[in-house]
Amino acid sequence: MASYSISEINNIIKGELIGNTTLSIESPEEIQKANSNQITFIGSNKYVKFWAESKACAAFIDYNVTISPGDNRAFIKVKNVDLAMAKVLDLFNLPSPVFDTNIHPTAVIHETAKIGTDCKIGANCYIGKDVELGNGVFLYPNVCVFDETIIGNNTIVWSGTIIRERCIIGSHCIFHTNVSIGADGFGYRPSEDGRQLVKIPQIGNVIIGNYVEIGANSCVDRAKFSSTIIGDGCKIDNLVQIAHNSIMGRSCIMAGHSGLAGSVTLGDGVIIGGSASIKDHTTIHSGATVGAGSGVMNDVEAGKTVLGYPAQDARDMLKEWVALRRLVKNQ
């Protein structure tokens with residue numbers, strides 16, 4: 001297992017070293033769980049109270065935190081604690097599972113498929129007709145990629161993921177276990193006699209940009225026509241639903257259990273909190289934030305933060321909640 005001195009870590013982070021420790025650092029850990037050979041982090045004065053009891057030999061601290069490290073302990077003062085910790089986590093990150101062969105003998109690959117250089121294809125994968133894999137694509141065991149799909153360079157697809165026909169996937173993406181890309185959008189209408197539901201054909205596809213990461217058990221449905229689009233750099237958590245014909249701009253974030261109904265449009269840099277729901281044909285403009293558990297029924301202006309159900313300006317919603325509490329208390 002790798003270990004580093006506090007000086008070696010500071011050379012990587014390029015922060016301000018305060019104090020010193022002779023102990024080697026073998027991994028990072030939360031402040032209350034750390035042992036004497038671990039480094040932790042103090043992102044704000046809120047966590048200063050835990051330092052005295054912590055066994056960690058070192059910590060990243062924010063520039064606004066005022067505290068002394070103590071004997072044989074050290075701080076690395078940085079502008080952004082989270083980014084510093086991310087670099088250290090990467091130092092100790094264990095390698096991904098190893099492929100014994102580039103293409104496992106149980107993989108089924110159609111003769112028309114085009115496989116780039118340095119691709120890894122695990123056991124029981126299926127690659128359909130006219131599929132194109134770029135260079136360095138990793139398909140872990142039990143991945144299905146159906147006909148005419150294109151996957152860009154260095155994309156990683158974890159086990160259980162299914163990418164349906166005619167989808168276009170960018171480069172450097174990561175799809176975690178059991179992701180569904182390109183399943184039929186949810187479209188039904190009552191029959192003329194009103195006795196059953198008629199399925200609306202979904203003949204479009206899904207287009208996903210570069211550097212997109214999609215969490216486990218999340219779904220991106222194909223469009224009724226044209227494309228469902230996920231922009232470059234979007235990060236999508238586990239158990240997220242993106243319905244047909246939705247469009248996400250660049251670098252959007254969707255937290256777990258959130259969902260977009262059909263034909264929702266997100267601008268660039270939109271943040272959707274956990275368990276938030278967005279009504280169909282709604283536009284959330286660039287830089288807006290939707291609070292966790294909110295239900296968005298109308299368009300949201302650029303840069304605005306909304307909260308509640310139905311969602312409204314976060315400050316107004318908080319004022320309403322305070323007023324309701326006072327009313328309840330006074331009864």
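**Close-up views of a predicted model**

Pro-310 is found in the loop that runs between strand 36 (305–307) and strand 37 (312–313). The legends below refer to a predicted model.

**Figure 1. The cis peptide bond at Pro-310.** The peptide bond leading from Tyr-309 to Pro-310 is cis. Its omega angle is near -5°. The loop that holds Pro-310 joins strand 36, residues 305–307, to strand 37, residues 312–313.

**Figure 2. The protein as a whole, for orientation.** The protein contains three helices and 37 strands. Measured out along its principal axes, the C-alpha trace spans about 80 × 70 × 30 Å. Of the 331 residues of the protein, 41% count as buried. Among contacts in the protein with a separation of 6 or more, 19% are made by residues 24 or more positions apart.

**Figure 3. The packing of helix 1 against helix 2.** Helix 2 comprises residues 81–91, and its axis lies 10 Å from that of helix 1. The two helices pack at an angle of about 120°. Helix 1 and helix 2 are therefore oblique to each other. Their crossing is right-handed. On the side of helix 1 the contact is made by Ile-9, Ile-12 and Ile-13, and on the side of helix 2 by Ala-84, Lys-87, Val-88 and Leu-91. Sorted by class, this contact has six nonpolar residues, no polar residues and one charged residue.

**Figure 4. Asn-10 in helix 1.** Asn-10 has its place in helix 1, which covers residues 6–13. Asn-10 counts as buried because its relative accessibility is 12%, under the cut-off of 20%. Apart from neighbours within four places in sequence, Asn-10 is in contact with Gly-15, Glu-16, Leu-17 and Ile-76.

**Figure 5. The nonpolar cores and the surroundings of Ile-284.** The largest nonpolar core has 47 residues. Those that touch the most other members are Leu-139, Phe-175, Ile-181, Ile-208, Met-248 and Ile-284. When neighbours within four places in sequence are set aside, Ile-284 is in contact with Thr-265, Leu-266, Gly-267, Val-270, Ile-272, Ile-278, Val-290, Val-296 and Val-300. Another core, of 16 residues, lies apart from the largest one, and its members include Ile-6, Val-78, Val-81 and Val-88. In soluble globular proteins, nonpolar side chains tend to be buried together.

**Figure 6. Gly-152 in its loop.** Gly-152 is placed in the loop between strand 13 (150–151) and strand 14 (156–157). With a relative accessible area of 13%, Gly-152 is buried. Neighbours within four places in sequence aside, the contacts of Gly-152 are with Gly-134, Val-137, Ile-169, Gly-170 and Ser-171. Gly-152 and Gly-209 are 57 residues apart along the chain, and their C-alpha atoms are separated by 9.3 Å.

**Figure 7. Asp-118 in its loop.** The loop between strand 7 (114–115) and strand 8 (120–121) holds Asp-118. Asp-118 counts as exposed because its relative accessibility is 61%, over the cut-off of 50%. Leaving out neighbours within four places in sequence, Asp-118 is in contact with Gly-136, Val-137 and Phe-138. From C-alpha to C-alpha, Asp-118 and Asp-268 are 33 Å apart in space, with their positions 150 residues apart in sequence.

**Figure 8. Two residues with positive phi.** Asn-72 has a phi near 50°, a positive value in a residue other than glycine. Its place is in the loop between strand 4 (58–62) and strand 5 (74–78). Asn-72 is partly exposed, with 36% relative accessible area. His-257 also belongs in this view: its phi is near 70°, a positive value in a residue other than glycine. The loop in which His-257 lies is between strand 28 (253–254) and strand 29 (259–260). At a relative accessibility of 55%, His-257 counts as exposed.

**Figure 9. Lys-329 in helix 3.** Lys-329 lies in helix 3, which is formed by residues 314–330. The relative accessible area of Lys-329 is 69%, so this residue is exposed. Lys-329 and Gly-170 are 159 residues apart in sequence, and in space the distance from C-alpha to C-alpha is 55 Å.

Terms used: Residues numbered from 1 in each chain as written. Heavy atoms only, no water. Helix = DSSP H or I, 4+ residues; strand = E, 2+ residues; numbered from the N terminus. Buried < 20%, exposed > 50% of the residue type's maximum accessible area, 1.4 Å probe, protein only. Contact = heavy atoms within 4.5 Å. Axes fitted to C-alpha atoms, helices over the stretch in contact; angles between N-to-C directions. Parallel < 35°, antiparallel > 145°, perpendicular 65-115°, else oblique. Left-handed = near helix turned anticlockwise from the far one by under 90°. Nonpolar A, V, L, I, M, F, W, Y, C, P; charged D, E, K, R; others polar. Core = buried A, V, L, I, M, F, W, Y, C linked by side-chain atoms within 4.5 Å.
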